[in-house]
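Biologist: Before turning to details, I should like the terms made clear. May we then proceed by question and answer?

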Amino acid sequence: MKRRTQFLCAGLAVAAVALTVTATWIDKIAMSYAEPMAPAFYKMQSISSRDAFARGRYLVKAADCAACHTASGGAPFAGGVKLESPFGTFYGSNITPDREHGIGAWSAGDFYRAVHDGVTPHKHLYPAMPYTSYRQLSATDIAAMYAFLMAQQPVNLAIPAPVLKFPYNLRFGVRFWNMLFLKDTLPDASSGQSTAWLRGRYLVNALGHCAECHTPRDAFGQLDKTKPLQGAALARIAAPDITPAGLARRGWNGSDLQAFFSGGIAPQGSAFGDMYPVVHLSTQYLTHDDLNAISTYLLGDHAAAPKHASPAPEDAAALTLGRNVYLAVCAGCHGADGAGKPHVAVALQGNSTVSQSDPHNLIVALLDGIAAQDFPKGESMQEMPGFAQQLSDAELVELVNYLRVSAGGQRADVTADAVAALRP
Amino acid sequence: MKALIPTAESTAGAGMNDATARIAEQPLVWHRTRPISCRVNGQQVGSIQVPIGLMMIDFLHEYLNLTGSRLGCGQGICHACVVILDHPDGSCEEVRTCITGAHFFDGKQVRTIEGHATRNAQGEVVEPSAIQQKFLEHFSFQCGYCTPGFVNAATILLEKLKQQPIARDQVESTIGAGLGQHICRCTGYVGYYAAVKDLVLNTPGLVKDVKV
């Protein structure tokens with residue numbers, strides 16, 4: 001009995017020392033930051049917890065937390081969203097204030113470390129959680145997000161552990177990954193110094209974590225810092241190039257980008273694939289100023305004039321075959337002139353996806369189709385059927401090349417092999 | 001914004017030396033024509049020269065005088081205009097003729113609402129098909145505008161069940177899946193669904209565990 005008490009005391013002492021060390025460490029991290037985390041949070045609490053809540057709600061939307069932490073039909077922020085990756089399957093965690101399965105037992109400091117460093121009180125997070133981008137968030141903003149999330153309804157829901165391939169299933173590897181690849185800032189794809197541009201950098205690189213999908217990744221899944229926002233193919237529908245040059249090539253300007261982020265639809269097309277939930281859950285809620293900041297950052301302070309695609313001269317016979325396919329199966333909705341129909345189908349002339357130099361997304365859209373989608377402000381687009389069964393590789397090649405030349409300003413250089421390789 | 005393909009005016013301005021000028025069209029005004037030949041309700045049609053931009057519903061109405069297929073929404077939602085496309089392997093599917101060009105059907109085989117009933121040597125209808133009869137018995141429709149689409153969809157469903165019978169407890173969900181995209185604005189679907197259920201349950205060989 002006495003021996004047990006001795007052990008217990010020793011254990012408690014060790015725990016106390018460990019806690020002190022950890023606390024000091026957390027403080028150090030917090031203090032090393034421009035805005036000290038803990039003081040800012042408590043200051044906010046004392047001034048107005050309602051302000052912190054409202055600010056946190058906006059920030060949680062701007063950071064699109066729901067994309068991974070709210071499952072379709074599930075309780076808000078209770079997790080469970082399945083994320084497929086080349087390394088295996090991840091499940092968005094439960095970030096409701098449930099003490100058992102959520103973040104209910106976490107302090108503001110714990111939350112800060114999870115978002116900023118990818119380290120929870122229990123484990124190192126995999127970089128599927130974009131702490132690689134959120135690392136640039138201010139401590140004040142992280143504290144406000146904590147205040148909002150802790151005020152949500154707790155949901156007692158356990159989330160499955162990730163199912164990963166070897167060696168990615170060895171979680172300690174994340175420590176080394178962090179040492180090698182975790183950086184405090186991400187490179188800029190545009191240049192500028194205006195207030196809007198700086199705010200846009202924060203919205204795009206930190207909150208919106210756009211680079212996580214739009215910047216290509218290297219062998220260990222780290223962002224290729226030499227190619228910021230140049231486009232990447234993480235999922236079946238690739239994230240396009242959103243550098244100033246890439247956007248200008250596809251006809252984007254500031255006001256069209258803002259329309260796209262606020263409503264999901266612009267003259268260049270509608271949001272689909274993984275970008276649809278981004279608009280649906282996140283960007284539609286951003287203020288006008290923040291949308292302006294995002295477009296300013298993406299295009300740069302001195303944006304290049306958008307180039308509208310003009311048909312490149314090509315062999316007429318090749319175009320005629322594609323035009324025939326177009327009129328047979330596309331023109332019914334997109335119009336014989338490619339102008340689209342409001343609330344039915346987007347315009348194809350000058351369409352951003354058709355104008356991509358890489359035909360990947362155009363081919364995938366033709367093969368798989370696009371589900372019917374509702375957009376903000378009562379807008380919607382009808383289902384686009386997939387044509388994998390209806391059209392042969394040869395017909396699809398004619399169609400793709402016709403669209404690329406006549407509507408996208410690209411070359412008719414797509415081969416049947418490229419189409420066959422993408423068949424589901 | 002430029003049109004997808006230069007119109008007559010714009011190509012004239014470009015001096016007609018551009019390769020694209022040779023395929024210039026004016027949508028709704030002038031299209032070049034191409035020949036179509038296909039089988040409609042078992043009869044060979046064509047070869048006929050048809051404008052390339054013509055939708056199948058207009059081809060049926062204006063060229064073949066088959067006016068039973070209904071143009072509803074014109075944008076592929078209501079399914080009043082569907083016809084049955086028969087594949088060489090014996091399978092079949094619905095195709096919406098309001099958004100599919102006539103030339104898509106070149107070399108293919110289709111059935112329209114005019115092809116279901118039994119006709120005599122003079123071409124007069126003497127007996128509706130089984131599903132048409134059931135729709136009448138159940139007072140399935142009121143204005144009848146959506147009926148051609150429902151007849152085609154139900155016919156495809158029944159043919160599928162003949163190939164692959166289903167279990168009794170799948171009957172309602174299968175009917176829902178088969179007819180679910182068809183829109184009716186008068187009768188609220190109940191008559192259609194009840195008629196198809198009646199026929200499915202009372203036709204031998206469509207449901208595994210029901211003795212008829």
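Modeller: Helices here are DSSP runs of H or I with at least four residues, strands are DSSP runs of E with at least two, and both are numbered from the N terminus. Please bear in mind that this is a predicted model.

Biologist: In which loop is A:T215 found?

Modeller: The helices that bound this loop belong to chain A, and their residue ranges are 211-214 and 244-249. A:T215 is therefore placed by these DSSP runs, in the loop between α9 and α10 of chain A.

Biologist: Does A:T215 count as buried or exposed?

Modeller: The relative accessibility of A:T215 is 4%. Buried means under 20%, so A:T215 counts as buried.

Biologist: A polar atom of the side chain of A:T215 lies 2.8 Å from the backbone nitrogen of which residue?

Modeller: Apart from residues up to four places away in sequence, A:T215 touches A:L223, A:D224, A:K227, A:P228, A:L229 and A:A232. One of these residues supplies the backbone nitrogen at 2.8 Å from the side-chain polar atom, namely A:L229.

Biologist: How many helices and strands make up the secondary structure of chain A?

Modeller: Chain A has 424 residues, of which 51% count as buried. Among its contacts with a separation of 6 or more, 65% come from residues 24 or more positions apart. The secondary structure of this chain comes to 18 helices and 7 strands.

Biologist: Why is helix α17 of chain A described as largely enclosed by the rest of the structure?

Modeller: Helix α17 of chain A spans residues 393-408. Its buried residues include A:L396, A:V397, A:L399 and A:V400, and also the run from A:N401 through A:Y402, A:L403, A:R404, A:V405, A:S406 and A:A407 to A:G408. The helix is largely enclosed because the buried residues number 12 of the 16.

Biologist: Which residue follows α17(A), with a positive phi?

Modeller: A:G408 is among the buried residues of α17(A). The residue that comes after α17(A) has a phi near 65 degrees and is A:G409.

Biologist: With which residues is A:N178 in contact, leaving aside neighbours within four places in sequence?

Modeller: A:N178 is in helix α7 of chain A, residues 173-181. It counts as buried, at 11% relative accessibility. Beyond its sequence neighbours, the contacts of A:N178 are A:D117, A:H124 and A:Y131.

Biologist: Which residues of chain A does a cis peptide bond with omega of about 0 degrees join?

Modeller: The loop between β3 (163-164) and α7 of chain A holds the proline of this bond, A:P167. The two residues joined are A:F166 and A:P167.

Biologist: What is omega of the cis peptide bond between B:G46 and B:S47?

Modeller: B:S47 is in a strand, β2 of chain B, which covers residues 43-51. For the cis bond that joins B:G46 to B:S47, omega is about 20 degrees.

Biologist: Does A:H343 count as buried, partly exposed or exposed?

Modeller: A:H343 has a positive phi, near 65 degrees, in a residue other than glycine. Its place is the loop between α15 (331-334) and α16 (360-368) of chain A. Its relative accessibility is 45%; since buried means under 20% and exposed over 50%, A:H343 counts as partly exposed.

Biologist: Is B:F139 buried or exposed?

Modeller: B:F139 is in the loop between α3 (130-137) and α4 (147-163) of chain B. Its phi is positive, near 45 degrees, although the residue is not glycine. With 69% relative accessible area, B:F139 is exposed.

Biologist: What area is buried between domain 1 of chain B and domain 2 of chain B?

Modeller: Domain 1 of chain B covers 33-115 and domain 2 covers 127-202. Their contact takes 17 residues from domain 1 and 16 residues from domain 2. Carbon and sulfur atoms give 58% of the buried area, which is about 1,300 Å².

Biologist: Which side chains meet in a salt bridge at 2.7 Å, N to O?

Modeller: Across the interface of domain 1 and domain 2 of chain B, the rule finds 1 salt bridge. The count of residue pairs in polar contact between these domains is 7. The side chains that meet at 2.7 Å are those of B:R111 and B:E159.

Technical notes
Residues numbered from 1 in each chain as written. Chains lettered and ligands numbered in written order. Predicted model: local features only at pLDDT ≥ 70, side-chain atom pairs only at ≥ 80, totals over all residues. Heavy atoms only, no water. Domains from an automatic or database assignment. Contact = heavy atoms within 4.5 Å. Buried area = accessible area lost by both parts, 1.4 Å probe. Salt bridge = Lys/Arg side-chain N within 4 Å of Asp/Glu carboxyl O. Polar contact = N/O pair within 3.5 Å; in protein donor to acceptor, adjacent residues only side chain to side chain. Buried < 20%, exposed > 50% of the residue type's maximum accessible area, 1.4 Å probe, protein only.
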